[in-house]
Amino acid sequence: MKVLILYSTIYGHNLEMGCFIRHHFFQKADWSSIAQFDSAMLADYDLLVICPSTYGEGYLQPQDENFAGFLKGHHFPHLNFLVIGAGDRNFGHASFANAANIFFYLLKHSGAHPLHAVIKYDFANLLTAEDGLEQLLTRNQLLGSINNEKSAAH
Ligand SMILES: Cc1cc2nc3c(=O)[nH]c(=O)nc-3n(C[C@H](O)[C@H](O)[C@H](O)COP(=O)(O)O)c2cc1C
């Protein structure tokens, strides 16, 4: 299974989450900031894990807009994805970690398959979110289901 981890960050929480996921689950994954990733390579992957940061009252970071625009115009029926983003609940429900909502929507509409509903956490609860993610991925065997699909297909 070819895995890509993308993140965007200013203060480091989404970077830390991306590192955590890579270290615990996908040590051979390719990884990059969203802004530096060559979008044309996305079709090469079986699983995209994306950790986007939210700024400016619920918006993406400006440098992530190109990748978001790319997703709008392309179809990825063979891609699985997981979106997990940090936010700050003080910005209110509608804005809270909204970059994660945006990427979830765009990926779903590109035909890609969510491994799970969008995961959003308050940046102050990063460690709890990491624990929760580990339990989720282990307990629900979400990753095993991709591997089984892949081996059944080949
Ligand atoms: C100027 C500014 C605007 C922000 N706007 C939002 C927002 O609209 N919604 C939200 O959930 N968090 C918002 N945040 C909080 C960040 O999303 C939060 O700090 C998160 O940890 C950022 O990710 P990072 O640590 O990877 O940079 C904002 C933070 C700053 C500094």
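## Around the ligand

The ligand has 21 residues around it (a residue counts if one of its heavy atoms lies within 4 Å), and Thr 9, Ile 10, His 13, Tyr 55 and Gly 58 come nearest. Keep in mind that this is a predicted model, where local features need pLDDT of at least 70, side-chain atom pairs count only at pLDDT 80 or more, and totals for chains, interfaces and linings use all residues. Residue numbers run from 1 along each chain as its sequence is written, and side-chain values use heavy atoms, with hydrogens and water left out.

By class, the shell splits into eight nonpolar, eleven polar and two charged residues. Here Ala, Val, Leu, Ile, Met, Phe, Trp, Tyr, Cys and Pro count as nonpolar, Asp, Glu, Lys and Arg as charged, and the others, Gly among them, as polar.

## Polar contacts and cover

Polar contacts are pairs of N or O atoms within 3.5 Å. Thr 9 puts a polar side-chain atom 2.6 Å from a ligand oxygen, and His 13 has a polar side-chain atom 2.6 Å from an oxygen of the ligand too. With Asp 88 it's a polar backbone atom, 2.9 Å from a ligand oxygen. On its own the ligand has 630 Å² of accessible area (Shrake-Rupley, 1.4 Å probe), and the protein covers 84% of that.

## Elements in the shell

Helix H1 (13-25), strand S4 (54-55) and strand S6 (80-87) are the elements that give two or more residues to the shell around the ligand. Helices (H or I, at least four residues) and strands (E, at least two) are DSSP runs, numbered from the N terminus.

Conventions: Polar contact = N/O pair within 3.5 Å; in protein donor to acceptor, adjacent residues only side chain to side chain.
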